[in-house]
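Good morning, and thank you for coming. Please look at the sequence and the structure on the screen, and follow along as I move through a few regions.

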Amino acid sequence: VGRAHNKQACNKTATTMKAAQTLTTAAALLCALPASVVALSKVETRNLDVAGDDASRGLMHLTVDFKDECLHKHKDVCIAAINAKLAAYPELFEGREAFEFEVNKVREATDEGYNIVAMRLNADETTVGGLLGDGMIWYPYEWCLAADDCYTVGPWDCDVGIPLLPEQCCKMIQDSVPHEDKNGKYLECYTEYPVGSPSNPVNPGRVCIHTDADGIVVHIPKNE
């Protein structure tokens, strides 16, 4: 038996408009940046909670992205290039001698847990913020009731003037997709903590690398 389902056209329209505005705004900002600013954006300062021994260094540090070294390249090539950059420019990395690399394969539609929706929280970990801080929550796959009966679900707007609590956001998501899929599963939710939050403090010595099943880097790594 599916969960109770109650859609309102005005809410769906507002959510769709907000999602479209978010994408349009992001694209416009990227297009408007001059090349010099884009180059400088590879190095940014962070003023957030810092993990462990790094707290003694103060809250300000440099976050460097490794797009040129890593994006669309094999993880081994990526790690070697980052280590080379660290050796060549130790001053950028507070004199560190090594990084801690966390390599994780991104989730795919055929993986266990494909039915889970990630809800990125705000920095205070009490309400839902979304990936872009606008309250929008996305699910990357179609929802298939049968092999030939699939449809797009989401995005969901979990900021309705005030950010929703995780429980409220998850209920809205599940209510909008009340039917089990072809594998007998329902949408489930889990909370994800942003970098700089108490549960995921900044770690300048950590580089997270996300790859596909072939080990190719699919997101831009940063030391955070």
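I begin with a pair of residues on two neighbouring strands: Glu-142 has Thr-152, in strand E7, as its bridge partner. The model before you is a predicted one. Strand E6 and strand E7 run antiparallel and are joined by four bridges. Together, E6 and E7 form a hairpin, with two residues between them.

Within that turn sits Ala-147, in the loop that links E6 (142-146) to E7 (149-152). Is Ala-147 buried or exposed? Ala-147 counts as exposed, because its relative accessibility is 70% and the cut-off for exposed is over 50%. Ala-147 also shows how the fold brings together distant parts of the sequence: Asp-181 is 34 residues away along the chain, yet the two C-alpha atoms are 9.7 Å apart in space.

Let us now step back to the chain as a whole. The chain contains five helices and ten strands. Of its 224 residues, 32% are buried. If we take contacts between residues at least 6 apart in sequence, 61% of them join residues at least 24 apart. The chain exposes about 12800 Å², and 57% of that area comes from carbon and sulfur atoms.

From the hairpin we continue along the chain. Pro-155 lies in the loop between E7 and E8. The peptide bond leading from Gly-154 to Pro-155 is cis, with an omega near -5°. For context, most peptide bonds are trans.

Strand E8 covers residues 156-157, and Asp-157 belongs to it. Asp-157 has a relative accessible area of 13%, so it is classed as buried. What does the side chain of Asp-157 reach? It reaches the backbone nitrogen of Asp-159, at 3.1 Å.

A second buried residue deserves attention. Thr-127 is placed in the loop between strand E4 (116-120) and strand E5 (136-137). Although it is in a loop, Thr-127 is buried, with a relative accessible area of 13%. Its side chain makes a polar contact with the side chain of Asn-122, at 2.7 Å. Leaving aside residues up to four places away in sequence, Thr-127 touches Leu-121, Asn-122, Pro-163, Leu-164, Leu-165 and Pro-166.

I turn next to a helix. Helix H4 runs over residues 75-88, which is 14 residues; at 1.5 Å a residue it should span 20 Å, and its end C-alpha atoms are indeed 20 Å apart. Which residues of H4 are buried? They are Cys-78, Ile-82, Lys-85 and Leu-86. These residues cover an arc of only 100° around the axis, so they lie on the same side of H4. The general principle is that an α-helix has 3.6 residues a turn, so residues three or four places apart point the same way.

Finally, consider two loops that flank H4. His-72 is found in the loop between helix H3 (67-70) and H4. Its phi is near 70°, a positive value in a residue other than glycine. His-72 counts as exposed, at 62% relative accessibility. Glu-94 is in the loop between H4 and strand E3 (100-105). Glu-94 also has a positive phi, near 60°, and is partly exposed, with a relative accessible area of 30%. As background, most residues other than glycine have a negative phi.

Thank you for your attention.

Note on methods. Residues numbered from 1 in each chain as written. Predicted model: local features only at pLDDT ≥ 70, side-chain atom pairs only at ≥ 80, totals over all residues. Heavy atoms only, no water. Buried < 20%, exposed > 50% of the residue type's maximum accessible area, 1.4 Å probe, protein only. Contact = heavy atoms within 4.5 Å. Areas by Shrake-Rupley, 256 points an atom, 1.4 Å probe, with all protein chains shown as cover. Pairing = 2+ DSSP bridges. Polar contact = N/O pair within 3.5 Å; in protein donor to acceptor, adjacent residues only side chain to side chain. Expected span 1.5 Å × (residues − 1). Arc of directions from axis to C-beta.
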